Amino acid sequence: MAKTKELSKDTRNKIVDLHQAGKTESAIGSLCLSQASLGIKAGYTLDGVPTHHRSNSRTTSTGAPQGCVLSPLLFSLYTNDCTSTDPSIKLLKFADDTTVIGLIQDGDESAYRQEIEQLAAWCSRNNLELNTLKTVEMIVDFRRNTPALPPLTIMNSTVPTVASFRFLGTTISQDLKWDTHIDATIKKAQQRLYFLRQLRKFNLPQELLIHFYSAVIESVLCTSITVWFGSATKSDMRRLQRTVRTAERIIGAPLPTLQELYTSRVRKRALKITLDPSHPGHILFDLLPSGRRYRAANTRTARHKNSFFPQAIYLLNS
């Protein structure tokens, strides 16, 4: 979760989402595991007798097989030194998905563009190929008169500017409103209600129906809920809660409201941050001299007031 910050008139954020693909020399080779013996083991039951089969082993000197328990760790070690050198630039990595967030002040984009160039050069040196076809840039700028900006270019390819993009399952829009994400969430949850109805037709016990709802439907509704639910409009909240009420009628038992889930999860996340001095947002939870309440966040806009940290402080104080 990124720290929220009020933007001045000469400040804007630029976010570029990059995808890595096609590694010609893998982390395995770089980590001295160049001769790995790999095989597939399968087990099944035939006429009540457990049967196990193992494929022939193959020795590989490059690449990490998909599904291998070591592959994520090796890739994380391989990309560990890919970091930002400028304090105004944040580089977020999750598997092969890399996002660069730049804070542009007074129209100076030199640090931001230099960071992108360094990232592309790092990938080239480490035999990683940036997939420019899946790379997009989004500009967050709340000034009334937004000046025209030169396009971002990576390896002679122009990066398209978009109004929204999907980041780890959450759709972020340049106006920081959540209509698009909420629409997609409701649609996905309603599609899964069909399976809940089918299970009800087969007279599945109510307890199992509740477990199915929690695992398959509630998990969709609550994805990154601490980020966006506080800023949702009342209309969107009613639409979301309507999905929960539909599930209640199918199951025939009360279910926790989304407001209750949001409140409990914000409190839980905030408490973890207050106990973790290494978290970037730890400094925002400033105890008053009484030691019982936290200093309220200074917010100037409803957008900032409804974001995670001000809401978390408010809930901890209430």
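Which helix gives the largest share of the positive patch? In this predicted model, the answer is α7, with 5 residues. The patch sits on the surface and is built from Arg 197, Lys 201, Lys 234, Arg 238, Arg 242, Arg 245 and Arg 249. Two elements, α4 (179-201) and α7 (234-251), each give two or more residues to it.

Lys 234 makes a handy example from this group. This lysine belongs to the patch and has its place in helix α7. Its relative accessibility comes out at 66%, and exposed means over 50%, so Lys 234 counts as exposed.

Next comes a stretch picked out by a record. The UniProt entry, which is unreviewed, annotates residues 208-229 as a "transmembrane region". In the model, 82% of that span is helix and 0% is strand. From one end of residues 208-229 to the other, the C-alpha atoms lie 28 Å apart.

Is Leu 315 buried or exposed? This leucine is found in helix α10, which covers residues 308-317. Its relative accessibility is 10%, and the cut-off for buried is under 20%, so Leu 315 counts as buried. Leu 315 can also be paired up with Ala 270: the two are 45 residues apart in sequence, while in space their C-alpha atoms are 9.1 Å apart.

Put side by side, the two residues picked out here read like this: Lys 234 in α7 is exposed, whereas Leu 315 in α10 is buried.

Notes: Residues are numbered from 1 along each chain as its sequence is written. This is a predicted model: local features need pLDDT of at least 70, side-chain atom pairs count only at pLDDT 80 or more; totals for chains, interfaces and linings use all residues. Side-chain values use heavy atoms; hydrogens and water are left out. UniProt positions are given in the numbering used here, feature names are shortened, and annotations may be inferred rather than shown by experiment. Helices (H or I, at least four residues) and strands (E, at least two) are DSSP runs, numbered from the N terminus. Patches are made of residues with over 30% relative accessible area and no salt bridge: like charges are joined within 9 Å, nonpolar side chains (Val, Leu, Ile, Met, Phe, Trp, Tyr) within 5 Å. Accessible areas come from the Shrake-Rupley method with a 1.4 Å probe; for residues, only the protein chains shown count as cover. A salt bridge is a side-chain nitrogen of Lys or Arg within 4 Å of a carboxyl oxygen of Asp or Glu. Lys and Arg count as positive and Asp and Glu as negative; His and the chain ends are not counted. The place of a charge is taken as NZ of Lys, CZ of Arg, CG of Asp or CD of Glu. Buried means under 20% relative accessible area, exposed over 50%, partly exposed in between (1.4 Å probe, protein chains only).
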